[in-house]
Each structure stands twice: as structure tokens, then as C-alpha cells.
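Reader: I'd like to learn how to read a helix against a sheet. Could you walk me through an example?

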Amino acid sequence: MKLSFVVPCYRSENTIKTVVDEMITTVQTRTGYDYEVILVNDNSPDNVWRVIKELSENDAKITGISLARNFGQHSALLAGYVHCTGEYVISLDDDGQAPLESLYELLDKLEEGYDVVYAYYNEIKQTAFRRFGTWMAQKMGEVMLDQPKNLKASSFYIARKFVIDEIVQYKNAYPYLLGLVLRTTRNIACIQTNHRKRLEGTSGYSFRRLLGLWVNGFTAFSVKPLELGIVMGVVCALAGFVCAVTVIIRKFMGYTTMLGWSSTISIILVIGGMILVMLGLIGEYIGRIYISINNAPQYVIKEVTGSHERI
């Protein structure tokens with residue numbers, strides 16, 4: 001049985017070797033398993049590509065892929081998935097937080113008949129900002145992608161090769177891996193494990209990056225935001241109708257009310273804001289359709305080193 005490890009690398013020149021060494025050591029604790037390691041340099045500004053090339057030169061089972069620019073974690077994973085040859089594919093981060101001691105727990109759970117198994121953490125060793133981002137991603141998945149409430153996804157998971165082969169067929173420029181997994185299979189499980197502290201540094205996800213990831217999630221695989229606009233429009237129309245009827249009835253009953261400028265402007269601003277939000281959301285969908293029609297790439301591979309090196 002062959003395991004394929006895929007790791008997107010960004011600002012990890014001082015940590016990636018430790019992560020790779022732990023992966024290899026963990027695999028060797030159980031007989032009957034071979035492995036390959038695919039490291040994807042997402043145009044990192046540090047010297048992680050030099051480290052990756054050194055690792056691939058010293059171990060024929062390690063492949064390095066360097067992207068032409070920074071495409072983001074999900075695109076980097078897809079670039080690595082294309083090169084996988086193992087029956088099972090394991091994805092994890094380059095910061096050392098993934099508890100690799102739980103690798104065979106994931107594998108054993110997968111062999112119970114599941115297609116994908118995620119690790120989820122009883123305590124997340126991240127900043128409050130990142131914990132909020134994780135919570136938001138969970139809720140967004142439940143609302144927008146019909147993600148089961150008992151499914152707690154993370155960046156550390158294992159999948160069967162047929163799932164990965166289906167995922168890489170997605171060619172649009174805005175990939176969102178949880179959405180791709182959920183549209184491929186619902187035969188998914190998760191196991192609880194420990195979350196470790198980062199070996200060094202801080203997360204590369206800024207608020208802007210997290211926001212972009214959320215937008216990818218609910219525009220690439222769901223039209224529910226547009227449906228929400230319909231609901232908002234109906235609610236506003238009903239509220240306006242009730243107010244109009246109330247004014248007419250009060251008029252016939254002899255009541256007069258001095259209409260205030262502030263309340264009128266407030267209502268205009270609220271309704272106008274809702275309209276602009278929905279127009280912006282529609283524009284986001286149309287813009288992404290336009291970019292996809294123009295075949296914008298998910299990623300561009302600049303260089304490959306190791307066993308998958310191209311001539």
C-alpha cells in the first residue's frame with residue numbers, strides 16, 4: 001500500500017524538513033506501507049524551494065513542485081494532487097501542527113469503508129482570529145454546502161485516490177477543497193486528535209486571505225447567497241406594504257403623523273445598502289464566470305524536481 005503526502009509550502013524553510021522527517025518516521029512504524037512526499041512551493045518569499053530541492057535530491061521518494069506565483073493553499077494542493085501515485089492521499093500543512101502520530105488512526109478509519117477522513121481538534125492551538133476563521137468556515141460549510149453538522153473538517157485529512165482523481169478534474173480558477181470533496185462523496189468521517197503548536201512563525205492567512213477563501217466557498221458551489229437576496233427583497237416588500245396599509249388606515253381614522261426626515265433617510269439607507277450588497281454579490285458571481293470562461297489557471301508550475309521531474 002502506497003501513501004502520498006501532499007504539503008503546500010509557504011514561509012517554511014525552517015520547518016519543512018522537520019515535518020518531512022516526521023512523516024517518513026511515522027510511516028516506517030508500520031510495515032507494509034510505501035510512501036511518496038510531494039512538496040509544493042507556493043511561490044514562498046523565503047528559501048523553502050532550496051530546502052525542497054535538497055530534500056528531493058537526497059530522497060528519490062520526495063518530489064518538489066514550484067509554482068510561478070502565489071496561488072493559495074487550495075490551488076497548491078491541487079498542483080500536488082496531479083502528481084500523486086499512491087492509493088491513499090494525505091494532506092497536511094507545513095507548520096508542524098498536524099499530529100502525524102494520528103496518521104494510522106486516520107488510515108484505520110478510512111479502511112472501515114469511508115472515502116475521506118478528517119482530523120479535528122479538541123483544542124485549536126491558534127490565535128483567536130484563526131479560531132474565529134475556523135468557526136466561520138464550519139458554519140459556512142453547513143449553510144452553503146450542506147455540510148453535515150457532525151463533520152468537522154481541517155487541513156489534515158486522508159482520501160482515497162478516486163476522490164483525488166475526481167477533484168483534479170475541476171478546472172475553474174477558484175477551487176475550494178471542502179466543496180470539491182462534498183460534491184464528490186458524502187461517505188466522510190472524522191476523528192478527534194490533538195492540535196500541536198506551530199514549530200515557528202505565524203499563520204500566513206490574513207483577514208483578506210480568509211475572506212477570499214470564504215467567498216470561494218459560497219460562490220463556487222452554492223447559489224444560496226442569491227436566494228438570500230430574494231428572501232431579503234420579499235421581506236422588505238412585505239414590510240413596505242404593511243407600512244403603507246398602516247398609513248392609509250391611520251389617515252382614514254383621522255390620525256396625522258409628522259413624518260421625520262431621519263427615519264425616512266434611515267429606511268432609504270437600509271434598503272439602498274441591501275440593494276448594493278446584492279448587486280455586488282451578483283457582480284462577484286458574474287466576474288468569476290467571466291474569469292473562468294477566459295480559462296484563468298488554478299496554478300502554473302514553474303519547476304519540478306525529484307521523481308516527477310519533467311524533461
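Reader: Which residues are buried in helix H2 (residues 48-58)?

Author: A good place to start, bearing in mind that this is a predicted model. In H2, the buried residues are Val48, Trp49, Val51, Ile52, Leu55 and Ser56.

Reader: Why do the buried residues line one face of the helix?

Author: The general idea first: an α-helix has 3.6 residues a turn, so residues three or four places apart point the same way. Here, looking down the axis of H2, the buried residues fall within an arc of 155°, so they line one face. Glu57 and Asn58, on the other side of H2, are exposed.

Reader: What covers the buried residues of H2?

Author: The cover includes helix H1 (16-27) and the strands E1 (2-9), E2 (34-41), E3 (62-67) and E8 (301-306). H2 lies across E1, E2, E3 and E8, and runs at about 155° to E3. Helix H3 (residues 73-81) also packs on the sheet, where it touches E1, E2, E3, strand E4 (88-91) and E6. The direction of H3 makes about 145° with that of E1.

Reader: And the sheet itself: what order do the eight strands have?

Author: In general, strands of a sheet pair through backbone hydrogen bonds, either parallel or antiparallel. This open sheet has mixed pairing, and its order is E7-E5-E6-E4-E1-E2-E3-E8. Strand E7 (188-193) and E8 are the edge strands, each pairing on one side only. From one strand to the next, the twist averages 20°.

Reader: How many bridges join strand E5 (residues 116-121) to strand E6 (residues 157-160)?

Author: Three, and the two strands run antiparallel. To find one of the pairs, look at Val116: its bridge partner in E6 is Ala159.

Technical notes
Residues numbered from 1 in each chain as written. Predicted model: local features only at pLDDT ≥ 70, side-chain atom pairs only at ≥ 80, totals over all residues. Heavy atoms only, no water. Buried < 20%, exposed > 50% of the residue type's maximum accessible area, 1.4 Å probe, protein only. Helix = DSSP H or I, 4+ residues; strand = E, 2+ residues; numbered from the N terminus. Arc of directions from axis to C-beta. Contact = heavy atoms within 4.5 Å. Pairing = 2+ DSSP bridges. Axes fitted to C-alpha atoms, helices over the stretch in contact; angles between N-to-C directions.
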